[in-house]
Amino acid sequence: MLERQRAMSIPRLQEIISRSLKKRQSLQNSETDLIRLIDGSGDELPGNILESYGEGWLISTTGPGLNPELRDALASFGKPLYWKRLDQHQKESPVHVSGPEIPGFFTGMENGLKCRLSFQSGYSQGIFLDQRDNRAALRAMVKPGDTVLNTFAYTGFFSVAAAAAGAVTSTLDLSQVYLDWARENFRLNDMPPEDHFFCKGDTFHWLRRFAKQSRKFNVIILDPPTFSRDDKGKVFRVEKDYGRLFELAAACIVPGGKILACTNYRGMSTQDFMAQLSGARLEAAEMPDDFTDSPYLKSVWATFP
Ligand SMILES: C[S@@+](CC[C@H](N)C(=O)[O-])C[C@H]1O[C@@H](n2cnc3c(N)ncnc32)[C@H](O)[C@@H]1O
């Protein structure tokens, strides 16, 4: 695969990049600059993913390095360019490759909502772009005053999307760093974080606690990592345990409420995933149009009677 790319000239690569950018022209506008620009095989560049994060570009590769011709072809577009290796075991921050550097935090935009980003705060940049359509769907479906619980929330951008439609959100994550980042995302959008709830801790623990308190939500977002441990060290594996997680969440849903159940686990079909979700009407959602390689994110909206 690397050989094929090595054989490609810089002008040929520039052509491929320009074509991919053109294909996504309608997605990128003054309201949205957080999109996937090249998606591996889906855009003739297997093993390479290019994403726009606000003013910057990030090229991620499955291989150990960035192919020099591809680096030069990308650099010719003049954007701040960063690179990272896609490696689930050694998760490192991107490194600067060319163009102006972007130090510290900066801002990107999704459907008019601002998102705090960083190329220096670790492996992930502050937002998962593959959830853009799900965030838009959430924003479109909630009504002012609805309650939304965003579990495994990371930097809370699902919460921001729901709050933009008037929902009262609860943002739940194990990490204090990400909860503080989520608060910053609210502030960036002129929404006082004090009007919302932030819960630090384990999703399984909190869901049991909410159920005991009979605390219920209109919508719950479930987007867990493929593998996780709860606060008692009990292991969670998507392929075996999603049904248990879904049941805990279902106990905290108002009649007529919804759960968005997601997983990016590649080793399971959408059908097998859906078979783990019971007691609700299920509707699978597609990945966003800029994700042109094989779809990996399974998203199911579950509506309760
Ligand atoms: C893949 S990210 C979720 C992405 C997020 N749903 C989004 O679209 O922005 C996983 C997050 O789950 C959190 N996490 C992992 N295990 C957890 C647990 N048991 N309870 C709560 N949060 C957990 C991590 O800290 C991380 O922020």
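**Note on the two-domain predicted model**

1. Strand 8 (residues 147-150) and strand 11 (residues 217-222) run parallel to one another and are joined over 3 bridges. Within this pairing, asparagine 150 has isoleucine 221 of strand 11 as its bridge partner. Please keep in mind while reading that the model is predicted.

2. The pair just described belongs to an open sheet of 7 strands, whose order is 10-9-8-11-14-16-15 and whose pairing is mixed. Strand 10 (197-200) and strand 15 (281-285) form the edges of this sheet, and because each has a single partner strand, one side of each is left without a neighbour in the sheet. Direction ignored, neighbouring strands of this sheet are turned against each other by 15 degrees on average.

3. Two helices can be placed against these strands. Helix 4 (residues 132-141) packs on the sheet, where it touches strand 11, strand 14 (253-263), strand 15 and strand 16 (298-303), and the direction of helix 4 makes about 135 degrees with that of strand 15. Helix 6 (residues 176-188), for its part, lies across strand 9 (168-173) and strand 10, and runs at about 170 degrees to strand 10.

4. A second open sheet has 5 strands in the order 1-2-3-4-5, again with mixed pairing. Its edges are strand 1 and strand 5 (95-98), each of which has a single partner strand, so that one side of each is left without a neighbour in the sheet. In this sheet the average turn between neighbouring strands, direction ignored, is 30 degrees.

5. Inside the sheet of 5 strands, strand 2 (residues 48-53) and strand 3 (residues 56-61) pair in the antiparallel sense over 6 bridges, and tyrosine 53 finds its bridge partner in glycine 56 of strand 3. Helix 3 (residues 68-75) lies across strand 2, strand 3, strand 4 (81-85) and strand 5, and runs at about 70 degrees to strand 5.

6. Strand 6 and strand 7 run antiparallel and are joined by 6 bridges, with arginine 116 of strand 7 serving as the bridge partner of threonine 107. The hairpin that these two strands form has 2 residues between the strands, and asparagine 111 in this hairpin takes a positive phi near 45 degrees.

7. The domain assignment divides the protein into domain 1 (2-118) and domain 2 (129-303), and the centres of the two, taken over C-alpha atoms, are separated by 27 Å. Across the boundary, 18 residues of domain 1 are in contact with 18 residues of domain 2. Strand 1 (34-39), strand 6 (105-110) and strand 7 (113-118) each supply at least two residues of the side of domain 1 that touches domain 2. By class, that side of domain 1 is made up of 5 nonpolar, 5 polar and 8 charged residues.

8. The surroundings of the ligand deserve a separate look. The ligand is surrounded by 16 residues, of which the closest are Phe152, Tyr154, Thr203, Asp223 and Ser228. Sorted by class, the shell around the ligand comprises 8 nonpolar, 4 polar and 4 charged residues.

9. Turning to the protein as a whole, there are 9 helices and 16 strands. The C-alpha atoms fill a box of roughly 60 × 40 × 35 Å, taken along the principal axes. The radius of gyration is 20 Å, which agrees with the value near 19 Å that a compact globule of 305 residues would have.

Note on methods:
Residues are numbered from 1 along each chain as its sequence is written. This is a predicted model: local features need pLDDT of at least 70, side-chain atom pairs count only at pLDDT 80 or more; totals for chains, interfaces and linings use all residues. A residue is near a molecule or strand if its C-beta atom, placed from the backbone, lies within 6 Å of it. Ala, Val, Leu, Ile, Met, Phe, Trp, Tyr, Cys and Pro count as nonpolar, Asp, Glu, Lys and Arg as charged, and the others, Gly among them, as polar. Domain bounds come from an automatic or database domain assignment. Two residues are in contact if their C-beta atoms, placed from the backbone, lie within 7 Å. Helices (H or I, at least four residues) and strands (E, at least two) are DSSP runs, numbered from the N terminus. Two strands pair if DSSP finds at least two bridges between them. Axes are lines fitted to C-alpha atoms, for helices over the stretch in contact, and angles run from 0 to 180 degrees between N-to-C directions. The radius of gyration is taken over C-alpha atoms; the globule rule is 2.2 Å times the number of residues to the power 0.38.
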